[in-house]
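Me: Could you take a close look at the inside of this protein for me, mainly the greasy core and the aromatic rings around it? I'm a first-year, so keep it relaxed.

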Amino acid sequence: MSKLEIEMPNKYWFSVEIPIRFMDVRNAAVVGTNVSHMVFDMYLSLVNEAFDCFLANYGFSKTNIAGVNLIIPNTSAVYKSEISTGDMVKIEISPSNFEAKGCDIFFKFSKKEGTIEVADIRLGILFFDYASHKTVPVPEKFRSLFIEK
């Protein structure tokens, strides 16, 4: 299997801390011990929560980013270390790689006040008009917030 790497941005525009709950982890018996850590599907639940917080911080929602919607055609993730119940996860978020009709949203997961990297996740997003069922240009109101001047 080839190793996936995600080139993460240097600047993050927003961060949120989310506690890991009992329901976020899975327990398994492994030879000689029990293991309890978060599994891959829960990362996407946390991405969803953090993305909602990020958008709300800028006055948007998934159904209204400056008058348009979005779709998420692809996702990639690289897991770096375990997180378990009781951990406080910091999720830093950065839109980047803007193109005509979309961009990437990067999520950097860490714990212990950012000292231990947990995961890097990238969402590819496209802006979409459900009335016409077509992709539309990135709203300038959104893009302009994340372009360094």
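Reply: One term before we start: a residue is buried under 20% relative accessible area, exposed over 50%, and partly exposed in between. Keep in mind, too, that this is a predicted model.

Let's begin with the core. The largest nonpolar core has 37 residues, and those with the most contacts inside it are I91, I105, F107, F109, F127 and F142. The elements giving two or more residues to this core are β1 (14-19), α1 (40-57), β5 (88-96), β6 (102-111) and β7 (116-129). Helix α1 supplies the largest share, 8 residues. There's also a second, separate core of 5 residues, and I6, M8, V78 and F106 are among them.

Now zoom in on F107. Skipping its neighbours within four places in sequence, F107 is in contact with M8, V47, A50, F51, I91, E92, I93, A119, D120, I121 and L123.

One name there deserves a stop: E92, which is found in strand β5. E92 is buried yet has no salt bridge. Why not? A salt bridge needs a side-chain nitrogen of Lys or Arg within 4 Å of a carboxyl oxygen of Asp or Glu, and the nearest side chain of opposite charge, K108, is 4.1 Å away from E92. Leaving out residues up to four places away in sequence, E92 touches Y12, F14, S15, F106, F107 and K108.

On to the rings. A search of the whole structure finds 14 aromatic pairs. In one of them, Y58 and F146 sit edge-to-face, 5.0 Å centre to centre with 80° between the planes. That pair links distant parts of the chain: Y58 is in the loop between α1 and β4 (69-79), while F146 is in the segment after α2 (140-143), 88 residues apart. Y58 has 24% relative accessibility, so Y58 counts as partly exposed. F146 has just 5%, so F146 counts as buried.

F128 and Y130 make another edge-to-face pair, because their ring centres are 4.8 Å apart and their planes are at 75°. Here F128 is buried, with a relative accessible area of 11%, whereas Y130, at 42% relative accessibility, counts as partly exposed.

Finally, step back to the bigger group: W13, F14, F51, F54, Y58, F60, F98, F107, F127, F142 and F146 form one aromatic cluster. So our F107 turns up there as well, along with Y58 and F146. W13 has a charged companion too: the charged end of K11 sits over the ring of W13, 4.5 Å from its centre.

Key. Residues numbered from 1 in each chain as written. Predicted model: local features only at pLDDT ≥ 70, side-chain atom pairs only at ≥ 80, totals over all residues. Heavy atoms only, no water. Core = buried A, V, L, I, M, F, W, Y, C linked by side-chain atoms within 4.5 Å. Buried < 20%, exposed > 50% of the residue type's maximum accessible area, 1.4 Å probe, protein only. Helix = DSSP H or I, 4+ residues; strand = E, 2+ residues; numbered from the N terminus. Contact = heavy atoms within 4.5 Å. Lys, Arg positive; Asp, Glu negative; His and termini not counted. Phe/Tyr/Trp six-rings, centres within 6.5 Å; stacked < 30°, edge-to-face > 60°. Lys NZ or Arg CZ within 6 Å of the ring centre and 35° of its normal.
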